[in-house]
Amino acid sequence: MSRTRFLKWVVKPTVFLLCFLPLPLLAWNFFAGNLSFNPVEDITHTTGRWALRFLLATLAISPVRRITGFKELIRFRRMLGLFAFFYAVAHFTIYIWLDHFFDMVAVFADIPERPFITAGFTAFVIMIPLAVTSTKKWIVRLGGRRWRLIHQLIYVSVIAGVLHYLWIGKVIELAPAGYVGSFAILMGFRLLARFRPDLVARIVRN
Amino acid sequence: MLIKRPADIKSSEITDEKLYRNRRQFLKTASWATLASAGAAVMGSGCTAPGTVAAAPQLGEFDTDEEITPEDAVTGYNNFYEFGTAKEDPARNAHTLRPRPWTVEVDGLVANPATYDLDDLIGGFALEDRIYRMRCVEGWSMVIPWYGFPLADLINKLDPLPSARYIRMETLVDTEQMPGQRRGLFGYVLDWPYVEGLRMDEAMNPLTLMAVGVYGKEGPNQNGAPIRLVVPWKYGFKGVKSIVKISFVEDQPFNTWQQQASNEYGFYANVNPNVDHPRWSQGRERRIGEVLRRETLMFNGYTEHVAQMYTDLDLRRNY
């Protein structure tokens, strides 16, 4: 089997299945009684954290690709982005279901009033057009340049998502701070690539 | 002659031991099952798990007859930042606290300012069970069987001067016993010591309790041993734990969470579904053990006992 076919028919489906792993893991922890005494909150937080992790993983593709020289990595980017959307949908659904029991009046009263929910909702809504236009057909329809421009919105979504996480806490905590740090590193690399390409050239392999 | 007495309990009524042992899991799954059979929009009533045991007999005047939160949840899901900020941290870390010997310093506007050994201070009080609702400012709640005595008893014993308008209490500061008080990556989690206070009339209210434990026994450490405050009509953070100092003062104490974010937490902190926290609604709460949220009650359901204290107070401004 050629390398390309191996990536396409073995590696990619494997990664695809692995990306679902947080769900059976969560179910296992629920039935094994490993969750806290507020399991609804655990499930909400877990799906939210995975949405953020996949967003950050999506942003990590291009720097990692440049640093390692593993060019085919780009083939995984759309999938990771869609998984971010998948977990965001789960997170949002749990919020409107278990927190508000589909009382949409209450949900839409909540959104503008509470900064952390405003941020979370912004992050989620931005992902919708990105998920919709993630197909090849849409790249062609929009044209590469315009498509790329639209997909820059992922930066807004990640910033809003990280803020959403930061603002929930009553005090500054380590966990959300880790996401801020990861985002800063990923953005730092991009800034460096832009303004000091000579420095980046030393660490990249292509 | 052998007199045969009929068995009190028919064998058919005895719960299978396996089911009994797994009762928590059973209740948990059952309440999720209620949700699955949804449709029934039981917003306000909250969905109580089927198989609820009848309330304990002989409820006191102030006791709620609602289903009591299981002991493992009461002692395993806590906010006690002196032992870490995660809900599981206190149960995991509070073993380092030494609840005896324990002293309490009493100062300020009081007849006999002194430092007391805890047992000398409270040894004479009769301990009682009080089943109270506990509403956390974060939007969750429990029903807790506290074990303690009315704060009024202690105040009467200490004999404050008429000029005392507030009571102020402090938690222990000791980084050896309370690892969460150490300086972390982002500095101190809170400005220790943890300080709380009440107006004197609130402190004298018969609902206000000094608890030495839960579930009819002293401790455990993660619930604020050896002595803590319980004010059931206020958000849980008013319940200062592991108290080492009690002061009678003239000015309103500047409590810890007010210090931390005065736009979010005030001095009064009365449970009020109509006054939202700036970052989340206080209209509903999730009772631990239930899936859907239930309506939060004014003064956490204690209106008849406490509302008269606030007739002249703008509760929106004095949150």
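In this predicted model, B:Pro226 sits in the loop that runs between β8 and β9 of chain B. The peptide bond leading into this proline from B:Ala225 is cis, with omega near 0 degrees. The loop between β8 (217-218) and β9 (228-230) of chain B also holds B:Pro220, and here too a cis peptide bond is found, joining B:Gly219 to B:Pro220 with omega at about -5 degrees. Such bonds deserve a second look, because most peptide bonds are trans.

Moving along chain B, the backbone offers another feature to linger on. B:Ser242 belongs to the loop between β9 and β10 (243-249), and its phi is near 40 degrees, a positive value in a residue other than glycine. Is B:Ser242 buried or exposed? B:Ser242 has 26 C-beta neighbours inside 10 Å and therefore counts as buried, the cut-off for burial being 20 or more.

A positive phi turns up again at B:Asn300, where the angle is near 55 degrees. This asparagine is placed in the loop between β12 (294-295) and α9 (303-306) of chain B. B:Asn300 is likewise classed as buried, because 25 C-beta neighbours lie inside 10 Å.

Finally, there is the contact between the chains to consider. On the chain B side 22 residues take part, and they meet 17 residues of chain A. Sorted by class, the side of chain B that touches chain A comprises 13 nonpolar residues, along with four polar and five charged ones.

Note on methods. Residues numbered from 1 in each chain as written. Chains lettered and ligands numbered in written order. Predicted model: local features only at pLDDT ≥ 70, side-chain atom pairs only at ≥ 80, totals over all residues. Contact = placed C-beta atoms within 7 Å. Nonpolar A, V, L, I, M, F, W, Y, C, P; charged D, E, K, R; others polar. Helix = DSSP H or I, 4+ residues; strand = E, 2+ residues; numbered from the N terminus. Buried ≥ 20, exposed ≤ 12 C-beta atoms within 10 Å, placed from the backbone.
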